[in-house]
Amino acid sequence: MILDKVAPKADQRLFRDNILQQNLALIIWVCLWILIQHLFNSLQWNDVQQISGFLAVLIIITGLVIGFASTWTYKLLTSIPFAISQLVFIAAATALGTLILQELKFSEYLDLYGSVWWGDLALLLVKYAFAYDLYRSLWFLSLLALLSASTLAVAWKRRPYTLPRGGFLLVHLATSVILLGGLLGKYGFVRAFNELKQNQPVSIFWKVKGPDPGDWKNPFSLPFFIRLDQFEVVKHDPEYRLYAFTQPDGRGGFEDNPKSYDAEAGLKARLPLTWKRLEILQALPDALNRSTWINDITAPENPVLQVMLGTGTSNPLLGFLVAQDSRTQRFNDPQGRFALVFSEEFKVNDLSRFKKSEPKSHLVQLTFAGKTFDKEFKKGSIWDFPVFKLKMIRLFNDFPFKNDPNGKPVKIETVPPELRGNWAELELITNDGQQAKILLSSRNPEFSKSLNAANLPPGLSLQYQTSGEEAFSQFVVFSKKDMKIRLIENAQILKESPLLFDRPFIFKNGFSATPLALLLNARVDGKYIPNTQVRPISERNPAVQISLSDPRTGKTETAWLDGREAKPTTFFDKKIGFIYRLKDQEARDFRSKITLIDPSGKTLAQKEISVNDPLVYKGLWFYQSNYNPEDPTVSGIMVVYEPGLWVTYLGFAMIVIGTIWMFYLKPIIKKRQGV
Amino acid sequence: MMSFYFNFAKAEIGFQLMLIAYTVACIAYALSILRSKYESEIYKAARLIFLLGWCVNVYILVSRGIIAGRPPFKTFYESLLYFSFLFGLLALSIEWLKKIKLLGFLSLIIILSAELFALLKQDIDIVTVPPALNSGWFLPHVTIYFSGYSSVTVAFILSILALIRTGTINLDKDSFWARAIGRQEVNFEVLHRDWVRIGYLFLLGGLITGGLWAKFAWSDYWAWDPKENWGLISWLIYGAVLHMHHTSFLKSRTVLKVSAASWFLILFTYFGMSYLPTKSQSMHIYTEPLPPDEGKDVKGVNREMY
């Protein structure tokens, strides 16, 4: 009662009504809790110990308040201006957490805020005021505790509890009930994750701190096994639409918000912002492309060479090489023996390009628990994870096995080309000391997967990626400017001949390349026919034929649009463009059929869970969390145990019922009571 | 300005009709307030055209809902259409009952602003929803939240009207204010408090339905997500406004000013999330699709925000 006696009554009144002073007092309250959390941190207390310490300090403060300033505190806690101050202060504190990114490392904060003018303040708050995890900091929790104390005090003040006051009571008690639910959740709360492999029951999950399933740490044992029976990605039926672009941006592109149309044959429409009229002539739900390159003198220059490739069989290959397109200017022999290249001009400086070269970078990619990590290969380095380590052993320039599975020596020439190329060797060391050799092929990740399957834990996949290499050593180069064909091997010209049509250029035993035609102004002459064979929806290739007419000039242009072509097809001197493409490719749902089994094999529960539809079993909620696009037999499942959930839900019900009661039922009750 | 014209030309015919109807109604309301000549005829026309525009608004939403096979508020464009539908319903009802022409006019200004913003965004295509939004909670959560947004927007207009109206009005005299409030006495302050209460209750309902849904979809009823936080902030501030009505030390005009300012928090909660530094940490912000390698997480892939 000391403060009650010391503080003059006028001052008490002034403080209770002065929002500015109250907010300053709240800042002091917050600073006190920042100091307390620093103290707890110096004692290296974990989260649960800190919450227990927080509650202990709160009890001490409550005891001191009751002993020395109960009347003053009670009046303050029940004053409306103080309620306003608290609401505004908590709102401001909550807003602060949306301005400072949460739960990053200090080095990341330095990168983010180190160079901006307000960065010093942000770094100060991160470093000293726990702004990196604001909503779990003790000072933020202390504000919630104070709000709870205020609402409880106000509820106490409003005695006697008559029927009209029921709403007020419920609303003000609800705050404490909701916070109590949250507090209970702090004790024993678990969120854990694992990638389940079909038909492989597990009972261990990995605890994660936040909602990110990649943030895995310690194991969490379930008292039963969980088995994935089946995983399924449910997709929407693909829907193709026609997109019209009518605003060229002057740089060869168009606006990013085209007008879209249902692609139905017979549709006629006037295009927005133009007088031109669109008509859909044909719409084929599944079409076969019979288009070819033709020379069109009105088209822009685009040299295309038609080549026949003789491979020593009775079926030569026929194809087109497009000089201006890096993708289609070259044909790579699937067996890896040679490449055909068509370039506009051949320069001596280009020779160095035409030789086999080693990769410029070697990368190991690891996917586990729904997250992907990359690391540059460095011989002898160790990649550390909480439950295992990966040691980088060595790299191979070619197929690494000297003997086949039967122990016979391997002749490198007989190894299929897809297994040659670069390989990496790693060593997997688990926490229980087991070691396993891992070999990864850069060319054939699927083969590496089956090769290492027995040594890798479920859900873990490894890939070795190289970049910057040239896999071929022999090239047949056609040059338009000097009309020559050259055979180049490892940057050396072995043979050179004039580029003559219909004359075979023999470059290897049994192999010849014969130029058939050179189209200087080539364009694609589109032609599509309906596919009479029924294919699965995902494999179909729809196409539409449209015509565009200008009523003012009477000119009409017609073209086929392929559903797989990403670039717009242009009309009327590139003033108008059209794309026919898949509308969106969102998955409709992800579903996992899971079964909970006790150690004796008895089924405890079974459900097909999906996003929005978890399995709840004895307080454990099992969620569909993520999936592995490369492995349809794997599904990411999250398990959550949250004590206090129903207390929070009770609080939710109380606050809604209380608010309706207070605002709308109270006047009716009062009227009926004749008040 | 040109992009408004370009996008208007590309918009669906229903949207064009609706925008024209709302614009004409807005002009008619302004004329019926500013001029006494043909006042009642123009006023009647304003109301009817407002109703007509609103009916087209309903038609667009219903037809989109039928085509998409889901509630029509996945994209920003759709959510703004849905807001103008709910807010239009409230504004039109209040205006019809209370005959406050100025409320009708200001409501139409807000609706037109929303529609013009929708026109600027132009995410007009009907798209499918990701699994997280494929839920029975989608419709009630968004409807309750948007009812909250609409109610506090009504409260905002009423607070502005209460603030700009000073002194007593001679209702028998033909003046701006007499015409603006339909020649009858209106207590804007009481009406404002009523609508803050309604808004507060709906915002609370939105927070709670969101929490219940999030427990099923994301495993947390509350995850301190930036969007959730701003929902909480605006609700807390409206809670503070309601408390202010019970204090004697604040003048009623101060309360009205705070209430009017609070509406901008709602605006920020609705439109401002993309500007937050923490937007990358929100599961409610989905204007840009995630890169394919991150698309494996099934919770919040490529959703739209509102």
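Two strands count as paired if DSSP finds at least two bridges between them. Helices (H or I, at least four residues) and strands (E, at least two) are themselves DSSP runs, numbered from the N terminus. With that in hand, look at strand S18 (residues 423-430) of chain A, which pairs with S19(A) in the antiparallel sense over seven bridges. Trp423(A) sits opposite Ser441(A) in S19(A). The two strands, S18(A) and S19(A), make a hairpin with four residues between them, and in the turn Gly433(A) has a positive phi of about 90°.

Before going further, some bookkeeping. This is a predicted model, where local features need pLDDT of at least 70 and side-chain atom pairs count only at pLDDT 80 or more, while totals for chains, interfaces and linings use all residues. Residues are numbered from 1 along each chain as its sequence is written, and chains are lettered from A and ligands numbered from 1 in the order in which they are written.

Back to the hairpin: it belongs to an open sheet of four strands in chain A, ordered S16-S17-S18-S19, with antiparallel pairing. The edges are strand S16 (382-384) and strand S19 (435-441) of chain A, each of which pairs on one side only. Ignoring direction, neighbouring strands of this sheet are turned by 25° against each other on average; the axes here are lines fitted to C-alpha atoms (for helices, over the stretch in contact), with angles running from 0 to 180 degrees between N-to-C directions. Over at the S16(A) edge, the partner is strand S17 (residues 388-396) of chain A, joined in the antiparallel sense over three bridges. There, Ile382(A) has Lys391(A) in S17(A) as its bridge partner.

Now swing over to chain B, which has ten helices and zero strands. Its 306 residues would give a compact globule a radius of gyration near 19 Å, and chain B agrees with that at 20 Å (taken over C-alpha atoms; the globule rule is 2.2 Å times the number of residues to the power 0.38). Along the principal axes, the C-alpha trace of chain B spans about 70 × 50 × 30 Å. Of the residues in chain B, 53% count as buried, meaning 20 or more other C-beta atoms, placed from the backbone, lie within 10 Å of a residue's own (exposed is 12 or fewer, partly exposed is in between). Contacts, for their part, require C-beta atoms, placed from the backbone, within 7 Å. Of the contacts in chain B with a separation of 6 or more, 76% link residues 24 or more positions apart.

Chain B is split into domain 1 (1-123) and domain 2 (130-275), with bounds from an automatic or database domain assignment. Their C-alpha centres lie 20 Å apart, and the contact takes 23 residues from domain 1 of chain B and 21 residues from domain 2 of chain B. On the domain 1 side, helix H2 (13-34), helix H4 (76-98) and helix H5 (101-121) of chain B each supply at least two residues. H4(B) gives the largest share there, eight residues.

Finally, how do the chains meet? In all, 50 residues of chain B are in contact with 56 residues of chain A. Helix H1 (2-10), helix H8 (188-217) and helix H9 (226-244) of chain B are the elements giving two or more residues to the chain B side, and H9(B) has the largest share, eleven residues.

Notes
Contact = placed C-beta atoms within 7 Å.
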